[in-house]
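Got your viewer open? Let's take a short walk through this structure, one selection at a time.

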Amino acid sequence: MTSEKINKNELQNREIPIYTSMGMFIIDEIHFPDNTSVHDIFGGGGSFTIVGSRMVLTRKESKKAGWVVDIGSDCPQEILDELERWDTGAIMRYDNSRFCTRGWNMYGDNDFRSFKYLTPKKRIDIPDLIENKHLLLSKSYHLLCSPERCVNILNQLKTLRNNDSPMIVWEPIPDECTPENLDECLAILDKVDVLSPNAAEAAAFFNENEPETPKECERVAYKFSQYMTKNGDKSGVVLRCGKLGCFIVNSDKSFQKWFPAYHNPKYDDFKVIDPTGAGNTFIGAFCTGFILSDKDWDCACICGNIGSGAAIEQIGMPKLTFDNEIDLWNGKSFEQRLNIYLSRNPEIKINAIDVLKKLQRI
């Protein structure tokens, strides 16, 4: 089956996604260094990328965030209520014969994190897109996987979409960021639009420690950027560097720029509670902003940092409420966060009105 063979009747009442995540919905329990813990937390790489996309799309376009959500018999009602409030293009699959995919997270000193699955995971794969044909027409995809699985998915998408090439953001899973996988990673970079590991994961491909300065982060990003040849200057590396923000360099180095993190400790509203999901939220917001702005790097990176800033203000997902027709994420609209971010970072040299116009918000 190719995209050309999809019958329009099969797509009735389904929005063609701007962004589709192939990450999972997971319910987390999180254990902290002081021996405290929290349970039944709404999480998962797929969920966090979708909340980032949803922030940028707004309530008006929310159905254009596509994903598949597997709900088991043990899903708390408050999580189901939150999923409904987002009003995304989620394909909700209920199965009372199994539990939800659940994860165990342990945090320690010096940003240490350990993770394991507590129940069998139900991975999202190409057959899930075939079953929900509108997802096969998505303008962009987020792949959170090994190099081997990444190239496998890309080859299948190429066939299914009749060689039409959507935007691909690839986030290598941490366990696969090893020197043994470096050659395989580099070999597929000409097939993806954006590579977006965090700084520690990128350095791990070269058996190096996490870079701690901007210059060290740039050096690591350059090791990958020359291989990003899919779409010329619209392909590149977006390196997520925690409190330093993110560094973007495109394939020919004609665009190189730092974007500070949303939260800065010198301001009174600095609020960093839990970093879980910040990178995934960044990617969902970045990718959606990239598509809406016709591949504008500035707009996309600004969206990414706004998304990740909201993700770390609490344990679990940022809370969505409404002020009439306006989305509020932890009490602030996207526009409010945009104005705060740009006013505090004038070196970005772009104004909020221009960003909103490029994102088709005004």
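How many bridges join strand 12 to strand 13, and do the two strands run parallel or antiparallel? Select residues 246-250 for strand 12 and 256-259 for strand 13. This is a predicted model, and in it 4 bridges link the two strands, which run antiparallel. Now click on Cys246: across from Cys246, in strand 13, you'll find Phe259.

Next, bring up the whole sheet. It is an open one with 9 strands and mixed pairing, and you can follow the order 5-4-1-8-9-10-11-12-13. At the edges sit strand 5 (89-94) and strand 13, each pairing on one side only.

Time to add some helices. Select 45-57 to get helix 1, which lies across strand 1 (19-21), strand 4 (65-71) and strand 8 (140-145). Helix 1 runs at about 145° to strand 4.

Then show 297-311, which is helix 9. Helix 9 packs on the sheet too, touching strand 10 (194-195), strand 11 (236-240), strand 12 and strand 13. The direction of helix 9 makes about 25° with that of strand 13.

Last stop: keep helix 9 on screen and add helix 10, residues 334-344. Their axes are 10 Å apart and the packing angle is about 110°, so the two helices are roughly perpendicular to each other. Want to see what touches what? On helix 9, pick Ile302, Cys303, Asn305, Ile306, Gly309 and Ala310; on helix 10, pick Phe334, Arg337, Leu338, Tyr341 and Leu342. Colour that contact by class and you get 8 nonpolar, 2 polar and 1 charged residues.

Technical notes
Residues numbered from 1 in each chain as written. Predicted model: local features only at pLDDT ≥ 70, side-chain atom pairs only at ≥ 80, totals over all residues. Heavy atoms only, no water. Axes fitted to C-alpha atoms, helices over the stretch in contact; angles between N-to-C directions. Parallel < 35°, antiparallel > 145°, perpendicular 65-115°, else oblique. Contact = heavy atoms within 4.5 Å. Nonpolar A, V, L, I, M, F, W, Y, C, P; charged D, E, K, R; others polar. Pairing = 2+ DSSP bridges.
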